[in-house]
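Here are some comments on the aromatic side chains of this model, written for someone who is new to reading structures. Please keep the sequence and the structure open beside the points.

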Amino acid sequence: MGDKFQLIHDVSPGTTGWTVKVVVAEKFSPRVAQRSPTKYQNLTLMDSEGSTVQATLYGQNITAFQDELLLGKTYLISNALVKETNAEYKAKSGEIQWTISGRTRIRRVEENNSNLLISTYSFTDFEDLPKYMDSNVDISVIGMIIDIKPRRIIQTRFGKECQVQDLVLVNKRFDTVLLTMWETFVDNECKGHTNSEIIDNMISEKHYLTSTPSKLSSKLSVPTAEKDFTEIKNIQGLKTVKQFFWIKGKASVKVLNQTYWYMSCNNCNKISSENYGDIYPCVFCKCTDAKAIPRAKVYMQLTDPTGYINATAIGNPAEYFLQSNAEILMNQTLIPTAASMRLSMDEDEIFYVKAITQELSPECKFEILFIVNPSQIAGDKNKGKAPVEHIGNRFDGEIPSSLLGLNFLESLQLQENNLARFNTGI
DNA sequence: CCCCCCCC
């Protein structure tokens with residue numbers, strides 16, 4: 001491994017413009033967090049000097065990067081989120097951890113660094129294993145799996161049931177040992193890799209399935225009667241029963257110093273680590289010729305006479321609210337002023353809002369799916385049945401992308417909401 | 001659909 005790149009210990013929280021060449025030294029199975037539904041996966045990355053750092057992937061990034069960061073392979077990594085591990089979790093604070101996300105740039109390097117990797121381990125010979133019986137010492141062995149026994153349930157001496165599974169390891173001298181996997185290691189490490197399982201995984205992870213916009217959503221009507229709007233006080237600060245609702249009120253930016261855009265994949269809108277205009281293979285949608293383009297986003301406050309909520313808008317509704325576009329927002333270097341974009345509304349507008357309930361928090365997050373100016377529907381002959389073509393900042397009859405973005409489930413939800421309204425006569 | 005963060 002060359003030395004024109006930084007080393008792991010050169011990178012601290014706040015360091016910018018770094019690139020470190022690393023080998024994936026360990027890759028643990030994804031796990032579900034104890035106190036939240038979040039999935040996480042830890043990796044150990046090693047630089048040319050054998051220093052290591054823990055890298056973590058969360059949620060959807062786990063599957064996105066599963067073929068990107070392979071055990072034993074070498075990568076150039078830049079722009080990972082670098083932070084000190086939470087002192088609450090680690091006895092000694094100050095330890096560094098990297099978070100790998102869509103922002104992180106990862107480039108495969110065709111280099112074989114397995115010797116480096118192996119050199120950092122000290123393997124215990126099979127014949128020396130008896131020395132460590134009944135001690136709590138961590139040791140490493142190297143061998144090949146030649147047999148996987150059926151899993152079995154055992155009782156510990158405290159009466160607890162545990163699932164275990166035995167693997168047979170063989171070394172170069174053809175000595176064998178039995179390695180027992182316990183509990184989650186049975187599920188995670190003992191999987192046979194038959195074709196059918198791989199296919200099952202692909203189906204359950206739906207890498208290649210993208211949602212198709214439903215015709216339903218294009219028939220969604222903007223309500224005009226006051227009773228069709230949700231009062232903010234009824235959703236403020238708690239989980240809501242409904243997932244989608246209409247609010248009539250005003251939006252304004254309260255946190256001026258925020259990033260009003262992110263670099264995205266032109267195919268799936270997910271975050272990209274590439275430069276504007278570059279063509280690249282997207283790890284999320286697997287599109288091989290994705291283009292990196294800016295996408296607007298804004299974090300704002302939504303108020304009506306009864307209260308306020310914080311909400312995010314992305315893409316079209318963000319551009320419409322800010323009266324700007326993603327490219328301008330990207331090139332804007334100063335903290336914006338009312339002259340450079342719209343920061344608050346003078347008059348009430350209509351918002352279609354999605355509530356995202358958070359498993360552990362009593363509060364939910366809100367996202368604005370689209371915004372309608374009431375004047376756009378006021379003169380409409382079909383008042384109360386305004387088609388969504390009127391929504392957003394495009395009036396050429398094109399359905400705005402913010403609405404096309406609704407996936408099938410959301411469309412179903414919309415249909416249910418509308419049906420509910422129909423059934424109750426409101 | 002998209003952003004943010006997230007775990008021991």
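1. Over the ring of which residue does the charged end of Arg342 sit? In this predicted model, the ring belongs to Tyr320, and the charged end of Arg342 is 5.4 Å from its centre.

2. Turning to contacts between rings, a search of the whole structure gives seven aromatic pairs. One of them joins Phe65 and Phe284, whose ring centres are 6.3 Å apart and whose planes meet at 80°, so this pair is classed as edge-to-face, because planes over 60 degrees apart fall in that class.

3. The edge-to-face pair links distant parts of the chain, since Phe65 is in the loop between α1 (60-64) and β5 (74-78), while Phe284 is in the loop between β15 (279-280) and β16 (290-304), 219 residues apart. Phe65 is buried, with a relative accessible area of 3%, and Phe284 also counts as buried, at 12% relative accessibility. Phe284 has a charged neighbour too, as Lys270 lies over the face of its ring, at 4.6 Å from the ring centre.

4. A further aromatic pair, formed by Trp246 and Tyr352, is tilted, with 4.5 Å from centre to centre and 50° between the planes. Trp246 belongs to strand β13 (residues 244-252) and Tyr352 to strand β18 (residues 349-357), so the pair ties together parts that are 106 residues apart in sequence. Both Trp246 and Tyr352 are buried.

5. Finally, the tilted pair should be read in its wider setting, for Trp246 and Tyr352 form one aromatic cluster together with Phe244 and Phe370.

Definitions and conventions: Residues are numbered from 1 along each chain as its sequence is written. Chains are lettered from A and ligands numbered from 1 in the order in which they are written. This is a predicted model: local features need pLDDT of at least 70, side-chain atom pairs count only at pLDDT 80 or more; totals for chains, interfaces and linings use all residues. Side-chain values use heavy atoms; hydrogens and water are left out. Rings of Phe, Tyr and Trp (its six-membered ring) pair if their centres lie within 6.5 Å; planes under 30 degrees apart count as stacked, over 60 as edge-to-face and the rest as tilted. Helices (H or I, at least four residues) and strands (E, at least two) are DSSP runs, numbered from the N terminus. Buried means under 20% relative accessible area, exposed over 50%, partly exposed in between (1.4 Å probe, protein chains only). A charge sits over a ring if NZ of Lys or CZ of Arg is within 6 Å of the ring centre and within 35 degrees of the ring normal.
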